Amino acid sequence: RGYAYLSVPSPLRRALHGLIADRLITAEANGEPVPGLMLAWHCIRADRVRLASPYLLRGSREALNSGAPFEVELALRSGMATVGKEYHVPVHLLLVEALQEQGSHHEASSLLQAPVLDVPEIQVYRKVLEALSAAATVATQAEAKEWLVPLSLLTTSQTDPHIQVAAVEAALGFVYFLGDREEAERLLGVLGTIGPVDQELTDRVAFASSLAIAARTARHVERFENLLVMLTDLADECGTCKLVNSKVQKLYNVIGCMQGALGQYDRAACNCRVAASLASQLGDELRIGVARLNVAMTLGRLGEYAEQASWAEKAISTFREARSQWREQLAVFYLAWSMCMRGENTKALDSILGLNESWDRDAPSWITQTQDLLWADVHHACGDERRAIDIADGTFSRTGYRALGSCSGLVARWVARCGWEAGRQVEALSILRRLTDDLGRHDRIDRVEIVSARNWLERRVGYSWEEGKAILEIELAGLPLAVEHQMRRLGMAS
């Protein structure tokens, strides 16, 4: 086909492309849907460059919203040299978006420094796009805190809802990394002041996802059910409109995480699988890994340990490609846990051997503490209780109880155990009682672990907490039987 095309004399080829372009323009005028990139290509081949430019921009946006960012990148890179000067800025910005859709954030950040973008009227949007890429690749607390300073101003000073929602979305990336509950609360308030964002479905999806992430980080569990209704309605609308982009992929991931927080693990696994599929279509390695990690987590709660191992292994290899070390290590723990629950204790211990030596101790303390306590979990499940206690006690000595806001159930279990072993029962019970007094602010599985931990310690010190067993029965109702088995394996039998 290519040989036949090239064998046609160039003037005749141009004429043929021109005729095709005319037909497509006429068809579009008659109401037929014509892809903008197709029209742009024929116009460029027909030497109608000025006519091609608006179709190139329109077609790129259409393709970005159809899950084809790589095709957009190719079209814009090849068309960049031919478009008129007045189109250079929008073409560059669209190319940045196409790169971000694919997870090529370092390349996107470099492109944002291009002199052609030194135009006063786009500087705010340029900064927000730069922040979105920085949030996706953030690796240090200092970087996250530095970015939150300008974003704090942008989230409150903008009147354009599109830019304001994008600024909040970027800020939440840093807030999640830092585990900053107070800033999440502030951003939740900001979202409540943003004007209508119903003009574009993509903006509404980004707004809803940000609202859910802020509520989750600020632990407003009472809002989860209503948020899920809004999120699932939007997912249905995206399906009807055939909208596929990174915002939609994130929407499904958020839906899965919210369902997991409510203990709806079957539904959560289904939506996280959709998120993994969409991320694969876009080619974003980090998003693929995060979705696979979430699938592995939900499958573990369902007791499907062989499948959990498979998804955890996929996540590990993906995170290595994406160079996200702390996420890779979380995936390793899910893999080790699946081995423990299948009786493969030696393999489980081998899989985490020396893992702590590569941990980034400059990462936020909630991340390092979570890693330590998951490491302790594996040792405990494999029968090495003394080693598990030493690990957990060590992390509490270094960082206090910093993961309480993010992984409160995990922390509660080890507060109980370490408190008992070290003779700090009064302090431990004080922490656990505060957690149970505020039980409604925690995820479903965290509530199970908090109540189990307090029940366990109250019994050992000889106190009577009569409500504890009844509360635990209520929290376990409707959860997979595997959850109760896991609590027994961790020594927190009901």
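Me: Contact means heavy atoms within 4.5 Å. With that in hand, which residues does arginine 292 touch, not counting residues up to four places away in sequence?

Reply: This is a predicted model, by the way. Arginine 292, which is found in helix H16, touches Trp311, Lys314, Ala315 and Thr318. Take tryptophan 311: in sequence arginine 292 is 19 residues from it, yet their C-alpha atoms are 5.8 Å apart in space.

Me: And what is glutamate 73 in contact with, leaving aside its neighbours within four places in sequence?

Reply: Its contacts are Leu95, Ala98, Leu99, Gln102 and Glu107. Glutamate 73 itself has its place in helix H5, residues 69-79.

Me: What makes glutamate 73 count as buried?

Reply: Buried means under 20% relative accessible area. Glutamate 73 comes in at 12%, so it counts as buried.

Me: Let's do charges. Why is the pair of arginine 58 and glutamate 28 called a salt bridge?

Reply: Side chains of opposite charge can pair when their charged atoms come close. The cut-off is a side-chain nitrogen of Lys or Arg within 4 Å of a carboxyl oxygen of Asp or Glu. For arginine 58 and glutamate 28, the closest N and O atoms are 2.5 Å apart, so the pair passes. Arginine 58 sits in helix H4 (residues 49-64) and glutamate 28 in helix H2 (residues 10-29), so this bridge ties together parts that are 30 residues apart in sequence.

Me: How do you know whether arginine 58 and glutamate 28 are buried, exposed or something in between?

Reply: Anything under 20% is buried and anything over 50% is exposed, with partly exposed in between. Arginine 58 has 28% and glutamate 28 has 24%, so both land in the in-between group and are partly exposed.

Me: How many salt bridges does a search of the whole structure find?

Reply: It finds 32.

Me: What makes glutamate 385 and arginine 417 one of those pairs?

Reply: Their closest N and O atoms are 3.2 Å apart, and the limit is 4 Å, so they qualify. This pair links distant parts of the chain, with glutamate 385 in helix H21 (residues 385-399) and arginine 417 in helix H22 (residues 408-421), 32 residues apart. Glutamate 385 is partly exposed at 34%, while arginine 417 is buried at 7%.

Me: Where do aspartate 390 and arginine 386 lie?

Reply: Both are in helix H21, four residues apart, about one turn of the helix. Their side chains meet in a salt bridge at 3.2 Å, N to O. Aspartate 390 is partly exposed at 41%, and arginine 386 is partly exposed too, at 47%. Elsewhere, salt bridges that share partners join Glu28, Arg58 and Glu62 into one network.

Me: What makes leucine 19 count as exposed?

Reply: Exposed means over 50%, and leucine 19 has 52%, so it gets the label. Leucine 19 is found in helix H2. Together with Leu12 and Leu16, it makes a nonpolar surface patch of about 280 Å².

Me: Why is cysteine 340 in no disulfide?

Reply: A disulfide is a covalent bond between the sulfur atoms of two cysteines. Here the structure holds zero of them. For cysteine 340, the nearest cysteine sulfur, that of cysteine 382, is 3.4 Å away. The cut-off is 2.5 Å, so that pair isn't counted. Cysteine 340 is also buried, at 0% relative accessibility.

Me: How do you know that the sulfur of cysteine 407 is too far for a bond?

Reply: Its closest cysteine sulfur, in cysteine 257, is 12 Å away, and a disulfide needs 2.5 Å or less, so no bond is assigned. At 18%, cysteine 407 falls under the 20% limit, so it counts as buried.

Me: Last one: how do you know that the span of helix H17 agrees with what it should be?

Reply: At 1.5 Å a residue, the 18 residues of H17 (305-322) should span 26 Å, and the end C-alpha atoms are 25 Å apart, which agrees. Buried residues in H17 include Tyr305, Trp311, Ile316 and Phe319. The buried residues of H17 pack against helices H15 (265-282), H16 (285-302), H18 (325-341) and H26 (481-489). Just after H17, arginine 323 takes a positive phi of about 60°.

Terms used: Residues numbered from 1 in each chain as written. Predicted model: local features only at pLDDT ≥ 70, side-chain atom pairs only at ≥ 80, totals over all residues. Heavy atoms only, no water. Helix = DSSP H or I, 4+ residues; strand = E, 2+ residues; numbered from the N terminus. Buried < 20%, exposed > 50% of the residue type's maximum accessible area, 1.4 Å probe, protein only. Patch = residues over 30% accessible without salt bridge, like charges linked within 9 Å, V, L, I, M, F, W, Y side chains within 5 Å. Areas by Shrake-Rupley, 256 points an atom, 1.4 Å probe, with all protein chains shown as cover. Expected span 1.5 Å × (residues − 1).
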